[in-house]
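Student: Could you take me through one part of this model in close detail? I would like to look at the sheet and at what packs around it.

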Amino acid sequence: MNAYKSDFLRILSERGFIHQLSDEAALDEAALEKAVTGYIGFDATAKSLHVGSLVQIMMLRWLQKTGHRPITLMGGGTTRIGDPSFRDDARPLLTDEQIDDNLAGIKQVFAKFLTFGDGPTDAVMVNNRDWLDELKYIDFLRDYGRHFSVNRMLSFDSVKIRLDREQNLSFLEFNYMILQAYDFVELKRNYDCALQMGGSDQWGNIVNGIELGRRVDGAHLYGLTSPLLTTASGAKMGKTADGAVWLNADMRSPYDYWQYWRNTEDADVGRFLKLFTELPLDEIARLEKLAGAELNEAKKILATEATAMCHGREEAEKAAEAARIAFEMGATSADMPTVEVPAADLDAGIGVLSAFVTAGLCSSNGDARRQIKGGGARINDTQVTDEKTSLTKESLTTDGVIKLSIGKKKHVLLKPVA
């Protein structure tokens, strides 16, 4: 089916969000006639979500913008087990305190993308620990476990790949797909939730939930997955050489977040504009036709729009201006990433290798040494040629900082403090 009648499926299709869809004609009709409630689950494995979760967050956003109700399901219960999907090993088991701490950080993300409240299309946030902690094991196995075929569960790619690689799959992890299916049943019963969305690696789990709802309650449920996203060069979204691209500002600054999108590969610009911004498709079509130096302008627009979505328009504009000053004018800006160092250290002199490590631009003295030998390290826009150079008060610019750079796109200011 290609021509969707509902705004929800039409927009998701046009912008590249749809990979798999169950009973698409019925879901399209339902989305045309009434407000549909849909959910995506997010386990609390870290204190923030990263860019790899952004496709799912945008799907919830478009669900709400087209007149439907999104549910963000926090996996306070399922995180205690860990999703085994397409992993070679089990996730580390977290304590309840670690999970609660992670949930507090993750919740900050959704308020930027969704409108929460009590209205018919206002987003709702729930925690599956509220019902999973109350389950009685024998009763649960009798009432729900009997609907799952072990033979079929073993055939799912997420399980089969682990077994084919002769990697251990614990019974604890094997239960994850049953609990996720039960989440769908609970959300249908309590919130009239009829749609579960997720990445394509969740398709088997989503189908389990659809079938469980039909068998135990006669419910008509739907599933929708997005493509697993990689860059044009095959890299996994959300991961870079210097770590995950977190969505929380205290874990990755708006400036660094802007830079991540500015560094998008040429072949990905149009696709990412469709997925991660709300620019009109005709404007995106114009931008993705640009080539050469002009394509850099499209990347800046992508970076600013994506950053505005996550951190607000003001922070996005500040990041764009800081980048312009740093790259186009060779100056410094107060909005660039800044690391404070004791002023007394400058009296004695800070070794250049140590300075680049302290700034987070290099992982070790050896890494800094390699950058210097390769000609990629600069102090105040001047190339460093001597690894024995020391930074002193004489190294401060008129702004009272020292600008350290690796390559053309990574800059940090060292700021002395008393």
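Tutor: Happy to! One definition helps before we begin: two strands count as paired if DSSP finds at least two bridges between them. Please keep in mind that this is a predicted model.

The sheet is open and has 6 strands, in the order β1-β6-β5-β2-β3-β4, and its pairing is mixed. At the edges sit β1 (20-21) and β4 (124-127), each of which pairs on one side only. Let us zoom in on the β4 edge. Here β4 pairs with β3 (residues 69-75) in the parallel sense, over 4 bridges. You can find one bridge by its residues: Ile 71 has Val 124, in β4, as its bridge partner. Helix α4 (residues 96-113) packs on the sheet here, where it touches β2 (37-43), β3 and β4. The direction of α4 makes about 165° with that of β3.

Now move along to the strands around the other edge. Helix α1 (residues 7-14) lies across β1, β5 (193-199) and β6 (222-226), and α1 runs at about 25° to β6.

For a look at helix packing as well, turn to α12 (residues 254-262) and α15 (residues 293-311), which pack at an angle of about 140° with their axes 8 Å apart. That angle makes α12 oblique to α15. The crossing of the two is right-handed. From α12, the residues in contact are Pro 254, Tyr 257, Trp 258, Trp 261 and Arg 262; they meet α15 residues including Asn 296, Lys 299, Leu 302 and His 311. By type, the residues of this contact divide into 8 nonpolar, 4 polar and 3 charged.

Notes:
Residues are numbered from 1 along each chain as its sequence is written. This is a predicted model: local features need pLDDT of at least 70, side-chain atom pairs count only at pLDDT 80 or more; totals for chains, interfaces and linings use all residues. Side-chain values use heavy atoms; hydrogens and water are left out. Contact means heavy atoms within 4.5 Å. Axes are lines fitted to C-alpha atoms, for helices over the stretch in contact, and angles run from 0 to 180 degrees between N-to-C directions. Angles under 35 degrees count as roughly parallel, over 145 as roughly antiparallel, 65 to 115 as roughly perpendicular and the rest as oblique. A crossing is left-handed if the near helix is turned anticlockwise from the far one by less than a right angle, and right-handed if clockwise. Ala, Val, Leu, Ile, Met, Phe, Trp, Tyr, Cys and Pro count as nonpolar, Asp, Glu, Lys and Arg as charged, and the others, Gly among them, as polar.
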